[in-house]
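Could you show me how to read the features of a protein model step by step? I would like the general idea first, and then the case at hand.

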Amino acid sequence: MAIALAASAILVLAIAVFFYLKRKRANEETARFSISADQLRSLLAAPEPVFLLDVRHPLDLLADPHIIPGSVRIPPKEVLANPALVPFDRDVVFYCTCPSDETARETLHKARATNHQRVKFLRGGLAAWKANGCPVETYETAFHLDTL
């Protein structure tokens, strides 16, 4: 009985450590690879061009058809399938509307795995951009609502 109890306690401790380390890594990633709306606004005003990528899923775009002026919309599955769509020669910022910036983070991971060094994601995504009073424009280009 004591062995089973000790084994259970070790298992619970291992699970707790796993989730602690996972959260710590996510927080470090946010600090290292994210950019605030104010920082992005400053980057966009700088002379060196920034490649701004809207990587929202089609249904998310249907729910909120606004984009940040100057951004390029590429569906996340296309970027994940072909990271060469992300330029190597300039700063790149991904944004989405997912909770915890999930799609932008996933896209960033894929780009980093293919040696893209100048990539970040917009912390808080499009909502943070709008909340800071930054401009948006209506996305009017046709797109497919594929959900696969």
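The dialogue below goes through the sheet, its strands, a helix residue, the cysteines and an aromatic pair.

Q: Before we start, what kind of model is this?
A: This is a predicted model, and the values discussed below are computed from it.

Q: In which order do the strands of the sheet lie, and is the pairing parallel or antiparallel?
A: Reading across the open sheet, one meets its 5 strands in the order E1-E6-E5-E2-E4, with parallel pairing. Strand E1 (34-35) and strand E4 (72-73) each have a single partner strand and therefore stand at the edges, where one side of each is left without a neighbour in the sheet.

Q: How many bridges join E1 to strand E6?
A: There are 2 bridges between E1 and strand E6 (residues 119-122), and these strands run parallel. To locate the pairing by residue, look at Ser34, which has Phe121 of E6 opposite it. Helix H5 (residues 102-113) packs on this sheet, where it touches strand E5 (91-95) as well as E6, and the direction of the helix makes about 180 degrees with that of E6.

Q: How is E5 joined to the strands beside it, E2 and E6?
A: Strand E2 (residues 50-54) is joined to E5 by 5 bridges, in parallel, and within this pairing Leu52 stands opposite Val93, while Asp54 has Tyr95 as its bridge partner. Towards E6, the parallel pairing of E5 extends over 3 bridges, and here Phe94 has Phe121 as its bridge partner. Between E5 and E6 the chain passes through H5, and this β-α-β crossover is right-handed.

Q: Which side chains cover the two faces of E2?
A: In a regular strand the side chains alternate between the two faces of the sheet. In E2, Val50, Leu52 and Asp54 are on one side, Phe51 and Leu53 are on the other, and all of them are buried. Strand E5 is also mostly covered, with 4 of its 5 residues buried. On the way to the edge strand, E2 pairs with E4 in the parallel sense over 2 bridges, and Asp54 has Arg73 as its bridge partner in E4.

Q: Where does Leu61 lie, and is Leu61 buried or exposed?
A: Leu61 belongs to helix H3 (residues 58-63), and because its relative accessible area is 0%, Leu61 is buried. Leaving aside residues up to four places away in sequence, Leu61 touches Arg56, Ile67, Arg73, Tyr139 and Phe143. One of these contacts shows how the fold brings together distant parts of the chain: Leu61 and Tyr139 are 78 residues apart in sequence, yet their C-alpha atoms are 8.4 Å apart in space.

Q: How many disulfides does the structure hold?
A: A disulfide is a covalent bond between the sulfur atoms of two cysteines. This structure holds 0 disulfides. Cys98 is in none, and its nearest cysteine sulfur, that of Cys96, is 3.8 Å away; with 15% relative accessibility, Cys98 counts as buried. Cys134 is likewise in no disulfide, the nearest cysteine sulfur, again that of Cys96, being 16 Å away, and at 7% relative accessibility Cys134 counts as buried.

Q: How many aromatic pairs are there?
A: A pair of aromatic rings is described by the distance of the centres and the angle of the planes. The count here is 1 aromatic pair. It is formed by Phe18 and Phe19, whose rings are 5.2 Å apart centre to centre with 75 degrees between the planes, an edge-to-face arrangement. Because its relative accessibility is 49%, Phe19 counts as partly exposed.

Note on methods:
Residues numbered from 1 in each chain as written. Predicted model: local features only at pLDDT ≥ 70, side-chain atom pairs only at ≥ 80, totals over all residues. Heavy atoms only, no water. Phe/Tyr/Trp six-rings, centres within 6.5 Å; stacked < 30°, edge-to-face > 60°. Buried < 20%, exposed > 50% of the residue type's maximum accessible area, 1.4 Å probe, protein only. Pairing = 2+ DSSP bridges. Contact = heavy atoms within 4.5 Å. Axes fitted to C-alpha atoms, helices over the stretch in contact; angles between N-to-C directions. Disulfide = S-S within 2.5 Å. Right-handed = clockwise from strand over helix to strand, strands pointing away.
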